[in-house]
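Biologist: I have just opened a structure that is new to me. Could you show me how to read it, one feature at a time?

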Amino acid sequence: MYKRQSDAVQAIQQALKKLENDKTYTMKMSATLEGDLGAGAPAGIDPNKPFEFMGIVGSVDGKNSAFTMTGMVVALLGAKAEKGIEFISSDGVTYMRGPLALLNAPEDKWYKMPQQDKASEAVNSQAMVESMAGDDLEQFRFAASGKENLDGQNCTLYDGDKQTTITALKNRKSSNGLP
């Protein structure tokens, strides 16, 4: 049975498809949440205010990339949510900047990540695009929510429906370590 995709999903998939062919680009993604996370939530999160669950800002030049991941996800790994975790991939080798005691990187310096490591695969720019493009994006019920200028480009912002996004993220099974 044919199901028509929403305009938002079509726009997102077209952008991801374009990235398959582009060798140089800048990427910015942010997922915010609001509400009580219950026991185990990091300290300092106000359930009455939106907070960043995960953010990724970076650039790609062929197989080389530099990304910073921020938000609650990195706070759970021991980083400061607002500072984040920096990753650089160069000529097939991925480096991560400490300190991140939970990832065996206790000092403020660059660490070479093992190539078979799930986290190393997850910050690979091609793996990120393939992971997002492989998702059934319709399940998130995306809708255009505004505009933003990024690197001189006019960009459209999309929001996912809260409950369906939570359910989809809980049920997501990623092969490369991305949430």
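Modeller: Gladly! Let us begin with an idea we need for one feature: a cavity is a set of grid points where a 1.4 Å probe fits but cannot get out, and its lining residues have an atom within 4 Å of a point. Please keep in mind that this is a predicted model.

Biologist: Which residues line the largest cavity here?

Modeller: The lining consists of K83, G84, I85, E86, R97 and G98. By kind, that makes one nonpolar, two polar and three charged residues. The space inside comes to about 30 Å³, and a search of the whole structure turns up one cavity of 30 Å³ or more.

Biologist: Let me step back to the whole chain. How many helices and strands does the protein chain have?

Modeller: There are five helices and eight strands. If you follow the sequence, they come in the pattern α-β-β-β-α-β-β-β-α-α-β-β-α.

Biologist: How do I read the way strands are put together?

Modeller: The general idea is that strands of a sheet pair through backbone hydrogen bonds, either parallel or antiparallel. In this model, six strands make an open sheet, ordered β1-β2-β3-β4-β5-β6, with antiparallel pairing. At its edges stand β1 (24-33) and β6, each with a single partner strand, so one side of each has no neighbour in the sheet. From one strand to the next, the twist averages 15 degrees.

Biologist: Can we look at some of those pairings up close?

Modeller: Take β4 (residues 85-90) and β5 (residues 93-97), which are antiparallel and joined by four bridges. Here F87 stands opposite M96 in β5. The hairpin of these two strands has two residues between them, and D91 takes a positive phi near 50 degrees. On to the next pair: β5 is joined to β6 (residues 110-112) by three bridges, again antiparallel. There Y95 stands opposite K112, while the bridge partner of R97 is W110.

Biologist: What should I know about a nonpolar core?

Modeller: In soluble globular proteins, nonpolar side chains tend to be buried together. The largest nonpolar core of this model has 20 residues, and those touching the most other members are M54, M69, I85, F87, M96 and L100. Two or more residues come from each of β1, β2 (51-61), β3 (64-70), α2 (72-75) and β4. The most come from β2, which gives five residues. You have already met I85 in the cavity lining, and F87 as the residue opposite M96.

Biologist: And how do I judge whether a residue is buried or exposed?

Modeller: Look at its relative accessible area: under 20% is buried, over 50% is exposed, and anything in between is partly exposed. Across the 179 residues of the protein chain, 31% count as buried.

Biologist: Let me try the cut-offs on two residues. Why does D151 count as exposed?

Modeller: D151 counts as exposed because its relative accessibility is 53%. You will find D151 in the loop between β7 (143-150) and β8 (153-159). For the second residue, try L33, which is found in strand β1. L33 is partly exposed, because its relative accessible area is 26%.

Biologist: How far apart are L33 and M72, in sequence and in space?

Modeller: L33 and M72 are 39 residues apart in sequence, and 9.8 Å apart in space from C-alpha to C-alpha. You can make the same kind of reading for D151 and M27: 124 residues apart in sequence, with 9.9 Å between their C-alpha atoms.

How values were computed. Residues numbered from 1 in each chain as written. Predicted model: local features only at pLDDT ≥ 70, side-chain atom pairs only at ≥ 80, totals over all residues. Heavy atoms only, no water. Buried < 20%, exposed > 50% of the residue type's maximum accessible area, 1.4 Å probe, protein only. Pairing = 2+ DSSP bridges. Axes fitted to C-alpha atoms, helices over the stretch in contact; angles between N-to-C directions. Core = buried A, V, L, I, M, F, W, Y, C linked by side-chain atoms within 4.5 Å. 1 Å grid on protein atoms, 1.4 Å probe; cavity = no way out; pocket = protein on both sides within 12 Å on 5 of 7 lines; lining within 4 Å. Points joined across faces, edges and corners; volume = space filled by probe spheres on them. Nonpolar A, V, L, I, M, F, W, Y, C, P; charged D, E, K, R; others polar.
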